[in-house]
Amino acid sequence: MENFISTLAIIVFFGTPIIIVWLWLRFVSQREKSRNQLIEKALELNKDINSELFLRPKKDASVINRRLLVSGISLVCFGLAAFTVLLVLTNISYASFAFLLLFPGLGFLIAHRLIAKDLKKGQAGGQRSF
């Protein structure tokens, strides 16, 4: 029974990120496909197409910073949870795989901190460096 639980934990641990990445890529692909179909339909009907449809909006530094913060916190929490669960269900050698989630999360949090510091300097000087 313990062998089954450890095998199941490993499958869930590695399978879940693969499924999430696959679903995200599928979503992005479908969104791009529907956007292209809309543009093709407008061209077929000889409608004027706004050139802004072809441009991607430029992201603000505060939006990027907020996304880094959310991603960092999520990865750190998920890494800690995976470490705890794998430590309880298996041994320390399998639980150490959770650091693959924890350390990128810490990297995102460090990047968030550096961008926030850079934005403060830019706003204090009257200009933004991003």
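Which residues form one aromatic cluster with F13? I opened my notebook with that one, and I keep in mind throughout that this is a predicted model.

**Entry 1: the aromatic cluster**

I found that F13, F14 and F97 make up one aromatic cluster. I also looked up the total for the structure, which is five aromatic pairs. One of them joins F13 and F14 edge-to-face, with 5.1 Å centre to centre and 80 degrees between the planes. I note that an angle over 60 degrees counts as edge-to-face, so the 80 degrees of F13 and F14 fits that label.

F14 also pairs with F97, again edge-to-face, at 5.7 Å centre to centre and with 75 degrees between the planes. I then checked where these two partners sit. F14 belongs to helix α1 (residues 2-44), while F97 is in the loop between α3 (92-95) and α4 (99-124), so this pair ties together parts that are 83 residues apart in sequence. I like this one for a quick look in the viewer.

Next I asked myself: is F13 buried or exposed? F13 counts as buried, because its relative accessibility is 13% and the cut-off for buried is under 20%. F14 is partly exposed at 37% relative accessible area. F97 is partly exposed too, and I wrote down 34% for F97.

**Entry 2: the salt bridge**

How many salt bridges does the structure hold? I noted one salt bridge. R35 and E32 form it, and their closest N and O atoms are 3.2 Å apart. Both residues are in helix α1, and because they are three residues apart there, about one helical turn separates them. I looked up the accessibility of each partner as well. R35 counts as partly exposed at 24% relative accessibility, and E32 is partly exposed with a relative accessible area of 24%.

**Entry 3: charge on the surface**

I moved on to helix α4. Which residues gather in a patch of positive charge on the surface? I listed R113, K117, K120 and K121 for that patch. Of these I looked at R113, which has its place in helix α4. R113 counts as exposed, because its relative accessibility is 60% and exposed means over 50%.

While there, I stopped at I110, also placed in helix α4. I110 is exposed, with 53% relative accessible area. I also took down its C-alpha distance to G72: I110 and G72 are 8.6 Å apart in space and 38 residues apart in sequence.

**Entry 4: the nonpolar patch**

My last stop was the start of the chain. What kind of patch do M1, F4, L8 and V12 form on the surface? I recorded a nonpolar patch, and together these residues have about 460 Å² of accessible area. I picked F4 for a closer look and found this residue in helix α1. F4 counts as exposed at 53% relative accessibility.

**Recap for the bench**

Helix α1 came up several times in these pages: F14 lies there, R35 and E32 are in that helix, and F4 is found there as well. From helix α4 I kept R113 and I110.

Note on methods
Residues numbered from 1 in each chain as written. Predicted model: local features only at pLDDT ≥ 70, side-chain atom pairs only at ≥ 80, totals over all residues. Heavy atoms only, no water. Phe/Tyr/Trp six-rings, centres within 6.5 Å; stacked < 30°, edge-to-face > 60°. Buried < 20%, exposed > 50% of the residue type's maximum accessible area, 1.4 Å probe, protein only. Helix = DSSP H or I, 4+ residues; strand = E, 2+ residues; numbered from the N terminus. Patch = residues over 30% accessible without salt bridge, like charges linked within 9 Å, V, L, I, M, F, W, Y side chains within 5 Å. Areas by Shrake-Rupley, 256 points an atom, 1.4 Å probe, with all protein chains shown as cover. Salt bridge = Lys/Arg side-chain N within 4 Å of Asp/Glu carboxyl O. Lys, Arg positive; Asp, Glu negative; His and termini not counted. Charge placed at Lys NZ, Arg CZ, Asp CG, Glu CD.
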